[in-house]
Amino acid sequence: LRTSGIDVAVEDVSVYGRTPTRLHIALAMVEQGHTRDTREAFDKYLGAGCPAYVPASKIETRSAIDMIHDVGGVGSLAHPGDWTPEEHIRKFVGWGLDALEVIHPSHDERLAGYFERIADQLGLMKTGGSDFHGPDASGKVALGQHGISLSWYGELKAHATRGSQP
């Protein structure tokens, strides 16, 4: 961004969340008047092929699950949507996958039911949420809009607590 004449400091981005994303950078750019809106920030600077675009780093699924377990966490496949075949989920279970995201804004009732059945069949815990990354212009995703049952939460908490014991 600096080579494009835009100076956005880490502190300007971090006010939008602890784990900064391109959306947080775009919000800081709008706040500082560099762009009219987040769409312009992505179209001119942050999107693929633009001057400040940095491709996401990749990590192998098996390694990610191992790292999550190493710190006592629950390895969950996030928002699998229509594009994750069941055979991939089964392979991930063989690598130690603990949970499957059932509730997600992109999952309609049919898809949520499908993933809940798969989780039950494979002995996976169930996760979910709004996938909220901060305010956006669409208004489609709100913090707390989607959630999980207390029983799902209790199972996840118990698993994570066991995993963090010495």
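This briefing covers the two largest pockets of the structure and the residues that line them. The model is predicted. The largest pocket has a volume of about 270 Å³. The second largest pocket comes to about 200 Å³. Helix α1 gives the most to the lining of the largest pocket, while α4 gives the most to that of the second largest.

**Largest pocket**

- The lining of the largest pocket is made up of 13 residues.
- Closest to the centre of this pocket are Leu1, Ile25, Leu46, Ala52 and Val54.
- Two helices, α1 (10–14) and α2 (22–31), each supply at least two lining residues.
- The α1 contribution is three residues.
- By class, the lining of the largest pocket holds ten nonpolar, two polar and one charged residue.

**Second largest pocket**

- Helix α4 (61–70) and strand β1 (76–77) each supply at least two residues of the lining here.
- The α4 contribution is four residues.
- Thr61, Ala64, Ile65 and Ile68 are among the lining residues.
- Gly75, Ser76, Leu77, Ala78 and His79 also line the second largest pocket.
- Phe92 and Leu97 belong to the lining as well.
- The second largest pocket is lined by seven nonpolar and four polar residues.
- No charged residue lines the second largest pocket, whereas one charged residue lines the largest pocket.

Note on methods: Residues numbered from 1 in each chain as written. Predicted model: local features only at pLDDT ≥ 70, side-chain atom pairs only at ≥ 80, totals over all residues. Heavy atoms only, no water. 1 Å grid on protein atoms, 1.4 Å probe; cavity = no way out; pocket = protein on both sides within 12 Å on 5 of 7 lines; lining within 4 Å. Points joined across faces, edges and corners; volume = space filled by probe spheres on them. Nonpolar A, V, L, I, M, F, W, Y, C, P; charged D, E, K, R; others polar.
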